[in-house]
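Welcome, and thanks for taking a look at this one with me. Below are some notes to help you find your way around.

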Amino acid sequence: MKFVVIGGDAAGMSAAMQVLFKHEEAEITVLERGPVYSYAQCGLPYYVGGIVPEREDLIARPVSFFREKGIDARVHHEVTQVDAEKKQVHGTNLDSGERFTVDYNTLLVASGGSPNRIPAGGADLKGIHVLKTIPDAEGIIEDFKDKEHITVIGSGYIGLEAAENLIEAGKSVRLINRSAKLGSNFDQYIVEALRVEAEEHGVELTLEEEIEGFVDDGSGRVRAVQTNKGTYQTDGVIVAIGIKPNTHFLEGTGIQLHPSGAVYVDPYMRTNVDSIWAAGDCATQYHRVKEVHDYVPLGTHANKQGRIAGSNIAGERMTFQGMLGTAIFRFFTLTAGRTGLSTKEADEAGFDYSCETFEPSPYAGYFPGSKAFRLQMIKDNESGRLLGVQAVGVNGVDKRIDTSSVMIYNNMTVADIQNLDISYAPPYNSTWDPIQKGARRM
Ligand SMILES: Cc1cc2nc3c(=O)[nH]c(=O)nc-3n(C[C@H](O)[C@H](O)[C@H](O)COP(=O)(O)OP(=O)(O)OC[C@H]3O[C@@H](n4cnc5c(N)ncnc54)[C@H](O)[C@@H]3O)c2cc1C
């Protein structure tokens with residue numbers, strides 16, 4: 001079997017290893033346009049901030065590991081076209097500039113996504129960065145080492161993690177965002193705490209402003225960011241405004257794409273075209289509550305989908321059971337997390353729902369250090385099912401998000417939740433867990 005993988009990171013290498021485990025004789029070729037395999041993008045903000053000291057700490061398995069296993073793992077090989085009829089992949093060797101063609105029996109598209117750029121004048125100036133790969137992070141570290149003021153554009157979790165790490169590294173930071181919210185996909189009750197936290201840690205917030213361009217300092221380097229309301233001096237910029245799936249090279253294959261540009265996949269990770277599979281940030285994820293294909297590019301899904309694709313390609317039968325949009329991040333002293341639907345998503349999905357917000361203690365209120373956190377719970381009025389939970393606070397958030405994720409995954413109602421047997425001792429919880437307290441209020 002000639003198995004070709006496009007993309008040598010989470011999804012691609014999870015799949016390649018599954019095929020290798022089950023078919024030692026398989027001819028596996030991985031085409032990766034970058035220089036590194038199996039790297040932890042999630043750790044990049046902490047590498048920029050110096051919390052993760054070494055580049056090697058971010059690499060789960062070097063290219064040599066895969067080559068020793070017999071995989072033809074190529075670097076600097078960019079795929080530019082897939083010919084689904086001839087079952088061939090075409091591309092460019094970025095080192096030599098030469099074109100290459102590889103035949104496949106089975107193809108996995110695991111090409112992830114690329115950061116969105118700002119379509120404004122000066123966007124290509126020196127000093128303007130994105131944060132997606134190890135070379136991106138190295139470029140930022142080198143470029144910002146003698147710079148004082150950095151502007152972060154975008155307030156999703158990557159923008160916020162970047163802002164925190166830059167502040168911790170001693171920079172002054174302005175965060176510019178189009179909307180008034182810090183933390184995209186979170187509801188107002190939660191994001192308000194993030195705004196207060198940003199201000200308390202010295203992040204200059206410039207909200208509800210639209211980027212109009214970047215000002216050149218005369219040497220081709222960015223000197224200022226221009227918005228519809230002002231011009232802000234800066235020594236460097238990180239743009240973190242989301243990603244788009246890398247699927248342009250599939251044009252002409254007949255592969256169906258979601259409006260986001262991601263490849264539609266079935267539960268086995270098959271596309272609609274024979275012998276072509278997809279997984280990870282370039283593919284859709286079925287949303288269990290919305291009951292539609294969605295696009296929530298996260299490492300959790302990429303690893304699962306890659307493993308499922310690889311197992312199925314190797315002849316097993318595994319299915320992706322869908323996701324809930326569960327996510328978590330740290331912002332200075334706070335943790336913010338979510339699972340299931342936000343109010344906006346519940347509205348869009350047409351649910352008749354109730355939303356409860358309150359501030360429970362993460363553990364016994366009398367126990368030292370117990371600091372109330374903000375909790376939001378959404379219930380479907382028709383079935384009583386829990387639809388979504390969001391939380392922000394100093395501690396106890398991760399536990400509630402993960403237990404809620406299990407509840408929502410299993411379609412539990414607020415009545416069921418009150419009966420759950422959840423552990424309690426004063427340093428860990430109250431006799432009624434905060435999620436159970438919320439369920440009782442709904
Ligand atoms: C800064 C940052 C922080 C993150 N933090 C978290 C987190 O805390 N939790 C979480 O769950 N997720 C997080 N993520 C998301 C997570 O890293 C991704 O979901 C995951 O890496 C996706 O894996 P993937 O294999 O699908 O795609 P990718 O990791 O993007 O890998 C795709 C690979 O394909 C290659 N490629 C693309 N196009 C081509 C082509 N034409 N030819 C050849 N090769 C190609 C790329 O170079 C890349 O190496 C974070 C991401 C970033 C950037």
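The points that follow go through the cores, a helix, a sheet and a loop residue.

1. A word before you start: what you have on screen is a predicted model, so please read each point below with that in mind.

2. A good place to begin is the largest nonpolar core, which has 53 residues. The residues with the most contacts inside this core are Ile-28, Ile-71, Val-82, Leu-107, Leu-108 and Ile-276. Helix α1, covering residues 10–22, gives the core its largest share, with seven residues.

3. Try centring your view on Ile-71, one of the residues with the most contacts in that core. Leaving aside neighbours within four places in sequence, Ile-71 touches Met-13, Ala-16, Met-17 and Leu-20, and also Ile-28, Val-30 and Phe-66.

4. There is also a second core, separate from the one above, with 40 residues. Val-36, Leu-44, Phe-186 and Val-392 are among them.

5. Next, please turn to helix α11, residues 434–441, where Pro-434, Ile-435, Gln-436, Gly-438 and Ala-439 are buried. What do the buried residues of α11 pack against? Their partners are the strands β23 (353–358), β24 (374–380) and β25 (386–393), together with the helices α9 (397–409) and α10 (414–418). Have a look at the start of α11 too: there, a side-chain oxygen of Asp-433 comes to within 2.9 Å of the backbone nitrogen of Ile-435.

6. For a change of scene, find the open sheet of three strands, ordered β13-β14-β15 with antiparallel pairing. Its edge strands, β13 (211–216) and β15 (231–233), each pair on one side only. On average, neighbouring strands in this sheet are turned by 25° against each other, with direction ignored.

7. Within that sheet, β13 and β14 (residues 222–227) are joined in the antiparallel sense over five bridges. If you would like a landmark for this pairing, Ile-211 stands opposite Thr-227 of β14.

8. Last, look at Tyr-428, in the loop between α10 and α11. Is Tyr-428 buried or exposed? Tyr-428 counts as exposed because its relative accessibility is 54%, and the cut-off for exposed is over 50%. Apart from neighbours within four places in sequence, Tyr-428 is in contact with Pro-362, Tyr-363, Lys-399 and Arg-400. You can also check Ala-364, which lies 64 residues from Tyr-428 in sequence but 7.3 Å away in space, C-alpha to C-alpha.

Technical notes. Residues numbered from 1 in each chain as written. Predicted model: local features only at pLDDT ≥ 70, side-chain atom pairs only at ≥ 80, totals over all residues. Heavy atoms only, no water. Core = buried A, V, L, I, M, F, W, Y, C linked by side-chain atoms within 4.5 Å. Buried < 20%, exposed > 50% of the residue type's maximum accessible area, 1.4 Å probe, protein only. Helix = DSSP H or I, 4+ residues; strand = E, 2+ residues; numbered from the N terminus. Contact = heavy atoms within 4.5 Å. Polar contact = N/O pair within 3.5 Å; in protein donor to acceptor, adjacent residues only side chain to side chain. Pairing = 2+ DSSP bridges. Axes fitted to C-alpha atoms, helices over the stretch in contact; angles between N-to-C directions.
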